[in-house]
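Reader: I am in my first year of study and should like to examine one part of this model closely. Could you please describe the surroundings of the ligand and then place them within the chain?

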Amino acid sequence: MTDIYMDNACTSFPKAEGVSDAVKYYLDKVCANAGRGSYERATEAGMTILETREKLAAMFGCSDPKRVIFTPGNTVALNMVIQGLVKKGDKVLVTSMEHNAVIRPLVMIGAEILRIPADGEGISIAEKLPDGYEKAKLCVLTHASNICGSIQPVAEISERLKPYGIPVAVDAAQTAGHFAFTMEDLGTDILCMPAHKGLRGPQGLGVLMMSEQVAELLPPFMAGGTGSVSHSYDMPPFLPDRFEPGTLNLPGIYGLHAALRHGSLQDRRQAEKRQTRYFLDGLKDIPGIRVPGPDDEEKRVGVISVDFLRRDNADVAFRLEEEYGILVRCGLHCAPDAHKTVGTFPEGTVRFSFSEYTTEEEMETALEAIRNLA
Ligand code: PLP
């Protein structure tokens, strides 16, 4: 039986065309570190890093590619921001749909977390900012929920925070590569994303983009060799070196470089909306399930959670693989707050998440399986 992969919100599969070839090419033919040696292979690696930075900067509207920082992942990018800008007792504004990649660093620091309430569909209510929000040191917002796909009104929230000069960071884990947006569209100062989800690159690589003001404000999260100003014991003052100590994930960057060559975001978003509509319509007449999140495909990405009201969700996920070859994720998906918000805590859900490669036939198989197991 061939697998039907429906866990793209966790990590995308298959990767974009050319990604594995580019990783192999780097390891077999280049394999040089950048910014250290000055031989040709090292220069080639440096050029690929630069081109990838430039592509990302253009794609997400970061006005200077030097402010596009490569990290070991989205969680690390978020930690760099949160641990750099927040101290114990500081107020931090978040949505009620955050991932633990945001909540746990805040709890670890001892920040005072102010949650923006959400409506029944898991969409934050921008007009209902919690008491004391004006004094927040930072605002961190998930762009779309990894539980029910709900797209958050980031631009509206950012607009309300502008008069208070609160920096806004966006966790674009579930939106980067899904549709086109820029930092300016969102009105944000900081954008964090993984390479391995919607951008369809390899794991172990994340991206942090920031405005000029944040670049001046943010201290380096780690220190180490950069191949530049090596006589100094201090981290270089200039970007990207200030935030990129140590050897970068070059196989990952080569993979991401290849991934960014492919596909139109407009086409991808059209496919995502079509799939979401198809699946939500198919779920409508199935008794014994609950589907949290918006019914309108315009308001969500292709992440659909199903709560099996008469069954154990973990057992359903197991049987989906055993009996139908369908690969999904069940449980709380590292986002307990989001489940509390949409009423699926503590049982969690079985999450189906698509990519542009998911076919109608595969979705039909999944719907039939859900009908049988519900
Ligand atoms: N934020 C959201 C909304 C996510 O869905 C995820 C991953 O599932 C993360 C953060 C963490 O990303 P990573 O595990 O790639 O560091």
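Author: The following account begins with the ligand and then turns to the domains. The model under discussion is predicted. Within it, the ligand sits in the second largest pocket.

The shell of residues around the ligand draws on several stretches of the chain. Asn74 and Thr75 belong to it, as do His99, Ala101, Thr142 and Asn146. The shell also includes Asp171, Ala173 and Gln174, together with Pro194, His196 and Lys197. Sorted by class, these surroundings comprise 7 polar, 3 nonpolar and 2 charged residues.

Three members of this shell may be considered through their polar side-chain atoms. Asp171 places such an atom 2.5 Å from a nitrogen atom of the ligand. For Thr75, the partner is an oxygen atom of the ligand, and the separation is 2.6 Å. Gln174 likewise has a polar side-chain atom 2.8 Å from an oxygen atom of the ligand. The ligand taken alone exposes 390 Å², of which the protein buries 87%.

It remains to consider the chain as a whole. The domain assignment divides the protein chain into domain 1, which consists of residues 4–15 and 264–373, and domain 2, which covers residues 64–246. The C-alpha centres of domain 1 and domain 2 are 26 Å apart. Between these two domains, 33 residues of domain 1 are in contact with 31 residues of domain 2.

Note on methods:
Residues numbered from 1 in each chain as written. Predicted model: local features only at pLDDT ≥ 70, side-chain atom pairs only at ≥ 80, totals over all residues. Heavy atoms only, no water. Near = heavy atom within 4 Å. Polar contact = N/O pair within 3.5 Å; in protein donor to acceptor, adjacent residues only side chain to side chain. Areas by Shrake-Rupley, 256 points an atom, 1.4 Å probe, with all protein chains shown as cover. 1 Å grid on protein atoms, 1.4 Å probe; cavity = no way out; pocket = protein on both sides within 12 Å on 5 of 7 lines; lining within 4 Å. Sits in = over half its atoms within 2 Å of the grid points. Nonpolar A, V, L, I, M, F, W, Y, C, P; charged D, E, K, R; others polar. Domains from an automatic or database assignment. Contact = heavy atoms within 4.5 Å.
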